[in-house]
Amino acid sequence: MPSRLPPQPRERIDRSRSVSFRFEGRDYAGYVGDTVSSALLANGVDVLGRSFKYHRPRGVFSAANHDANALMQAGGELNLRADVTELQSGLDLAAVNTVGGLRRDRGRMVEWLAPMLPVGFYYKTFHKPRALFPMWERLIRNMAGLGRLDTADATQRQPKEHAFCDVLVVGAGPSGLAAALAAAEAGARVTLVDEQPTPGGSLESEFGGDEQAGAIRAGLLERMLAHPGIAFRPGAVAAGYYADHWVPLVTAQGLVKLRARAVIVASGAFEQPAVFRGNDLPGVMLASAAQRLVHQYAVKPCERTVVFAANPSAYRAALDLVRAGVAVAAVADLGDPATRGAPVDAVKALGIEVLAHTAVYEARARDGRLAGVELRRLDAADEPLPEGARRIECDGLLMSVGWAPAAALLYQAGTRMVYAEIPGQLVPAELPAGVFAAGRVNGVFELQDRLADGRAAAAEALAHLGIAVPQASRPGRGSEAHSHAYPIFDHPKGRNFVDLDEDLQLKDLKRAAAEGFDNIELLKRYSTVGMGPSQGKHSNMNAVRVLARLNGRSIDDTGTTTARPFYHPVPVKALAGRRLRPERRTPMHAWHAAHGAEFMAAGHWLRPKFYGPAPQDAAVAAEVRAVREGVGLIDVSTLGKIEAFGRDAGELLDRAYTLRLSNIKQDRTRYALMVDEAGVIVDDGIAARLGEEHFYLTTTTTAAEGVYRTLQRLAAEWRLQVDLVARTGQNAAMNIAGPLTAEVLAPLTDVDLSAEAFPFLGARRGHVAGVPALLMRVGFVGELGYEIHVPAAQASHVWTALMEAGREHGIRPFGVEAQRQLRLEKGHIIVGQDTDGTSTPFDADMGWAVKFDKPFFLGKRSLQVLADKARYRLVGFALPPGYAGPLPKECHLVIDGGEIAGRVTSIGASPSLGRVIGLAMIERRLGEVASLDIRVDGGAMMQAPVVPTPFYDPDNLRQKAPSVAKEAAA
């Protein structure tokens with residue numbers, strides 16, 4: 001491996017275990033412990049991706065999951081972050097956002113069009129002329145995005161865990177380790193989290209070559225790992241902060257919902273890039289990235305480098321690179337090197353040229369990679385001087401010109417941050433109760449000071465918890481700035497990138513401000529700075545600096561953008577977690593399963609969709625014919641069931657439903673429609689009167705709990721004397737229907753089924769198969785039928801008895817699909833399918849179910865306003881027999897004059913009628929139309945003739961009397 005170094009003291013790789021993988025169709029090898037980026041660099045591959053907008057070549061930049069230069073896809077795993085994705089055998093990787101592959105990306109031609117694509121061009125272009133917008137939309141959709149989602153990929157579920165602690169410490173660097181140990185040694189239960197797989201933070205990278213720092217690291221880790229009061233969670237991202245110290249930890253295994261009594265944020269700081277022409281070329285990287293590559297993965301990042309400096313960290317990086325065999329051509333320091341301390345003398349002692357008050361003005365490319373830099377001296381105002389430019393050939397440029405605090409959690413907790421000239425960054429000024437900051441996020445940079453700051457933060461957190469410990473004073477933030485005030489250098493030829501995620505250049509921010517977007521929040525949204533996958537970790541601070549200078553204001557006056565969760569992009573599978581889906585089964589479930597039922601979810605319930613083994617269409621057609629021609633039995637136990645008792649029971653129902661229900665006669669039923677305060681349909685069912693002060697209600701399956709809660713609330717608000725009992729789980733129900741129903745049911749019941757004794761819409765109590773039962777003669781499917789409600793414990797016995805008694809009559813169980821087809825033939829609506837969250841009874845042509853002569857009912861005032869203003873109406877349509885063209889589907893759109901005028905709500909092939917029928921909700925402005933123009937799959941249009949409903953038995957003869965039904969069947 002040409003770029004692999006000899007073994008390093010703290011390398012993470014296991015050289016005894018090789019790993020083979022593929023990238024862009026070529027085979028490579030690395031070691032266990034490598035990341036994808038480190039393995040590719042070790043193999044001499046330095047171009048790892050293409051930029052989002054211009055498709056420019058990109059390489060390793062932060063090596064720490066803080067940039068989007070190296071996003072890759074491996075099969076169904078998209079947008080893998082190569083800097084932190086551990087190498088695994090057999091990985092087959094490809095760069096995202098390319099057209100034709102990384103090496104020959106045809107998308108790179110977009111850069112030629114850059115003059116035509118200024119900031120905000122997408123707001124100003126493409127929508128005119130309107131006729132061309134579909135073409136632009138397709139083109140943009142094909143070019144936009146990163147990884148390609150495979151919708152056929154298997155669902156990945158992850159569990160969720162709940163955890164608790166006294167003190168949560170975020171960040172396992174020197175400050176975090178010191179804070180965790182101090183808190184745990186005082187008796188607190190501590191959880192220490194870090195997004196890296198190993199603890200140590202900057203002790204493993206920026207201080208990786210410092211022997212004294214190595215000894216400190218070893219001592220801290222030994223104590224931390226041995227302490228029983230510290231739960232260490234490596235590879236866990238503290239992704240957000242929520243009320244009462246609730247912090248979600250995103251891990252490879254799933255989401256941990258952690259609640260702490262106090263939180264110490266020791267999350268460190270992000271090294272910031274300088275802005276100059278060509279600062280995005282492969283080979284240009286942060287100094288800390290090069291140190292990570294050397295110390296953690298034993299990778300030589302380049303052969304010859306220039307170090308761009310503005311703090312002591314740059315000089316430590318230069319020393320590390322020299323020890324790794326990299327030639328350091330020069331150190332270009334934006335300020336005075338004499339203020340940087342001892343590392344400067346060590347660099348000079350190696351014969352490395354140190355250039356004071358010097359900036360990198362331009363990075364020069366060869367074959368898309370860094371080939372050299374142009375340095376320029378700075379004047380007293382830190383502006384590059386045109387004379388005396390100096391060019392140095394190099395294949396690496398390491399930047400260490402400043403830091404920005406990793407303060408997302410602090411912002412989300414409500415911390416007020418202010419800009420401090422020393423250390424040259426935003427620091428916490430006011431922290432909320434129970435939240436503490438330590439280390440570089442607190443503006444403390446010297447190693448010993450960071451340790452002391454961590455211990456002081458722990459003492460403050462313990463005091464907050466009421467644990468008495470001596471309070472330590474904070475060490476202070478030193479006397480030197482660690483960030484240059486404006487490491488941003490304009491160039492007449494551009495290509496000086498402020499945001500590498502979005503390919504945003506300095507001129508883009510200048511133009512956005514000139515166009516009036518001169519507030520930091522507006523600038524962000526107009527230019528999209530900080531809105532890419534990195535969430536502004538390397539761009540936000542420089543964007544604030546640019547806007548502050550353009551407006552002639554300070555950093556504090558300019559402000560920062562709002563930091564919202566999540567701190568890192570989080571996979572949706574981590575948020576979805578384990579699928580905790582309650583599942584309810586009816587008492588007849590075992591019978592259904594034994595007789596070939598295919599189940600479907602209906603709310604929390606499992607219901608038979610149809611009965612096999614025939615294919616669904618054939619099975620459903622056979623079930624429909626059985627009900628129309630003979631007899632069928634369906635399990636409707638999932639319906640909501642509520643009993644209402646008391647003096648005001650009728651009054652409650654009158655107020656809660658649109659129809660008058662208090663005047664239902666004894667042992668009779670009536671349709672019951674419920675709307676909300678806005679007049680929108682929310683449920684329907686049947687109301688039966690079983691006594692003077694006793695009613696029995698049914699609801700739809702999914703609305704059962706909601707209707708029960710609503711009735712309880714209304715009864716309490718209106719102070720009515722009524723008792724409500726939920727019977728949904730106590731009672732089971734079944735519906736036997738068809739012209740031969742009486743022949744099957746009569747021998748099993750003591751209820752007189754004659755038309756005179758038990759008319760249509762009647763209700764009777766008696767016994768079925770020896771079990772107490774309530775029978776209601778209702779007709780959702782349009783045939784003679786009885787809904788039978790029995791105690792759940794005895795329902796299976798009744799069901800079996802009915803099936804046995806009906807055997808000689810050809811009885812057949814039928815499922816939800818057949819029931820839906822049967823009700824469609826009768827034109828009956830299903831709430832939530834034929835209606836939506838805006839549908840009123842007038843939209844559904846159910847004005848007959850609204851009784852305005854009642855003094856009051858829920859939604860009355862809204863419906864009085866809407867009575868003559870209904871926008872929609874429900875109509876039926878039927879395709880000609882034998883129609884062989886494209887078929888509409890539910891939710892396909894009705895089009896009129898090129899505009900949306902409605903939608904198909906229900907459709908199906910009717911075995912009873914021999915044609916396809918359906919319902920559509922259309923705008924009333926269409927008037928009495930003869931046919932509907934429906935747009936089907938692929939954009940084709942078809943015509944569906946409008947016909948009156950019900951489609952089947954419009955006079956309702958078949959469900960009204962047994963004798964009539966039998967004669968009709970004959």
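This briefing describes selected helices, strands and nonpolar cores of the structure shown above. The model is predicted. Among its features are a closed barrel of 6 strands and a largest nonpolar core that has 89 residues.

**The barrel and the helix beside it**

- The closed barrel of 6 strands follows the order β43-β46-β45-β44-β47-β48, and its pairing is antiparallel; on average, neighbouring strands of this sheet are turned by 45° against each other when direction is ignored.
- Strand β43, which covers residues 872–878, runs antiparallel to strand β48, which covers residues 941–947, and 2 bridges join them.
- Phenylalanine 877 has valine 946, in β48, as its bridge partner.
- Helix α22 (residues 816–825) packs on the sheet, where it touches β45 (899–910) and β46 (915–923), and the direction of α22 makes about 115° with that of β45.

**Nonpolar cores and the strands β16 and β17**

- Within the largest nonpolar core, which has 89 residues, Phe308 and Val331 are the residues with the most contacts.
- If neighbours within four places in sequence are left aside, valine 331 is in contact with a set of residues including Val307, Ala309, Tyr315, Val347, Ile352 and Leu355, and Glu353 is also one of these contacts.
- A second core, separate from the largest one, has 47 residues, among them Val193, Val275, Val435 and Tyr526.
- Strand β17 (residues 327–333) is mostly covered, since 6 of its 7 residues are buried.
- Strand β16 (residues 304–309) pairs with β17 in the parallel sense over 6 bridges, and alanine 309 has aspartate 333, in β17, as its bridge partner.

**A pair of packed helices**

- Two packed helices are described by the angle between their axes and the distance between the axes.
- For helix α5 (residues 211–226) and helix α10 (residues 447–465), the packing angle is about 20° and the axes lie 11 Å apart.
- Angles under 35 degrees count as roughly parallel, and α5 and α10 are therefore roughly parallel to each other.
- On the α5 side, the contact is made by Gln212, Ala213, Ile216 and Leu220, while α10 contributes Leu447, Gln448 and Leu451.

**Helix α13**

- Helix α13 spans residues 540–551, and its 12 residues reach 16 Å from the first C-alpha to the last, close to the 16 Å expected at 1.5 Å a residue.
- The buried residues in α13 include Met541, Asn542, Val544, Arg545 and Leu547.
- Glycine 552 follows α13, and the phi of this glycine is positive, near 65°.

Methods. Residues are numbered from 1 along each chain as its sequence is written. This is a predicted model: local features need pLDDT of at least 70, side-chain atom pairs count only at pLDDT 80 or more; totals for chains, interfaces and linings use all residues. Side-chain values use heavy atoms; hydrogens and water are left out. Helices (H or I, at least four residues) and strands (E, at least two) are DSSP runs, numbered from the N terminus. The expected span of a helix is 1.5 Å times one less than its number of residues. Buried means under 20% relative accessible area, exposed over 50%, partly exposed in between (1.4 Å probe, protein chains only). Two strands pair if DSSP finds at least two bridges between them. Axes are lines fitted to C-alpha atoms, for helices over the stretch in contact, and angles run from 0 to 180 degrees between N-to-C directions. Contact means heavy atoms within 4.5 Å. A nonpolar core is a set of buried Ala, Val, Leu, Ile, Met, Phe, Trp, Tyr and Cys residues joined through side-chain atoms within 4.5 Å. Angles under 35 degrees count as roughly parallel, over 145 as roughly antiparallel, 65 to 115 as roughly perpendicular and the rest as oblique.
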